[in-house]
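The following exercises concern helix packing and aromatic contacts. Each task is followed by a worked solution.

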Amino acid sequence: MKTNNINNISFTNSGNIGIGLKAASKIISVQEGGAGLSNIRFIQDSATGLVPKAVFARSKADLGENTFLELSESILVYYFPALLGEGIFKKLYSQKLPAELKKQISTPASCLLKSGNPASKKLMPVKAALALSAFAIPLVEYTLNYFKNLMTLKVFKQADFENIANLNKNKSENKEHAEKVEKSAKKHIKLAGGIYAGCLALSALLLRRGKNSKFLQNLSEIILAPGTKLFKNNKKKADFLNKYFSIDFADNNGKLALSRGQLTSCVLVGGAGYFGASKDRGKQNFLETLFRYPLVGFYIICGNELLEKGFRKLLYKNRKCKELINEKLEVPQLKDLRKIAETYGDKADTMYKKLLKQKVLIAGLPLLFGIGVMGFFVAGSSNLFTKFRYNREEKIKEQTKNKSLSQA
């Protein structure tokens, strides 16, 4: 029953918003539920990465390795930074810090530098050590494609991409090529392990000597806030570099969480593994990766964000969803919609449903675009282009062979 007290309005019809709207609002609540980028990015990546690849799987080996790769890298990238940073290394590295500084350890490095507080600067080497220790994430991401090659080789007995992608109907495997793929995979996995050992060694040095070394403090600032350090007089460039190339953790209500810069490092370092591992398995695998990865990588880093901003701008310009989108293109969170609806008095129930629909539209359309275009279209078209290139090359080989025979 409704009451005239605006602070005690009960939304009698809020339970009748429909199954679809309820489901959509639950997805939005995950996005805004306090887990940083992790939860919603995991959902987006599974929807845009795994599902389309499963639908367009060309063989059991193709399905198996894509399932392994997509799930393992999503769990790794979106959950392990907080697990390692907040759960393990923060406790180890902050033991000797004063209580006041411990509270600031999740504060972004760029904010600490802007504050000008000398005490806060003591945190920089500790935060840099944390960031370097969490660099295990992009390095493991780098190795996943080599582990995938080993898995496919051991489980499905295949190393030739033409067989895995069901391009070659003869299904013959070259033993020497298989050995080369295995050897390369093991070499690169060891390389990543060696680089991470170096990261841990540098972390230990920063913890031990960072507060007394000007060089190590400068190094810490470059690692954590490259834009602030390198572009002191250009805020736009500084903010861009800090956002996308700092490997500092994000602050999620006082806890360490995945940052945009860490996500960028995973895409770039992981990309080196994608290209290297695909090159080992043949030309067609490399060309398919070359077509797909830059598009998907850009979308993961900033494409979805740009799409959301562009869509909001279009709606605002055409005076759509005007109850939610302000002149700064800001949109209230899901939890605030009830309070906004309450300001409409007796129309609160109707207004809440309207605001919820607008919120779902603003958040949902870019997500559906990502699933449809960046997921199904890219996965399907990359498979088609691979098959087209392979058939064209085989046709050219056959024509060349027939020409040689006729001349002989």
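Axes are lines fitted to C-alpha atoms, for helices over the stretch in contact, and angles run from 0 to 180 degrees between N-to-C directions. Helices are DSSP runs (H or I, at least four residues), numbered from the N terminus. The model is predicted, so local features need pLDDT of at least 70, side-chain atom pairs count only at pLDDT 80 or more, and totals for chains, interfaces and linings use all residues. Residues are numbered from 1 along each chain as its sequence is written, and side-chain values use heavy atoms, with hydrogens and water left out.

**Exercise 1.** Determine how helices α15 and α17 are oriented to each other.

Step 1. The axes of α15 (residues 283-317) and α17 (residues 348-407) come within 10 Å and cross at roughly 160°.
Step 2. Angles over 145 degrees count as roughly antiparallel, under 35 as roughly parallel, 65 to 115 as roughly perpendicular and the rest as oblique; therefore α15 is roughly antiparallel to α17.

**Exercise 2.** Classify the ring pair of F275 and Y293, and state the burial of both residues.

Step 1. Rings of Phe, Tyr and Trp (its six-membered ring) pair if their centres lie within 6.5 Å; planes under 30 degrees apart are stacked, over 60 edge-to-face and the rest tilted.
Step 2. The centres of F275 and Y293 lie 5.9 Å apart with planes at 75°, so this pair is edge-to-face.
Step 3. Buried means under 20% relative accessible area, exposed over 50%, partly exposed in between (1.4 Å probe, protein chains only).
Step 4. F275, at 22%, is therefore partly exposed, whereas Y293, at 14%, is buried.

Technical notes:
Helix = DSSP H or I, 4+ residues; strand = E, 2+ residues; numbered from the N terminus.
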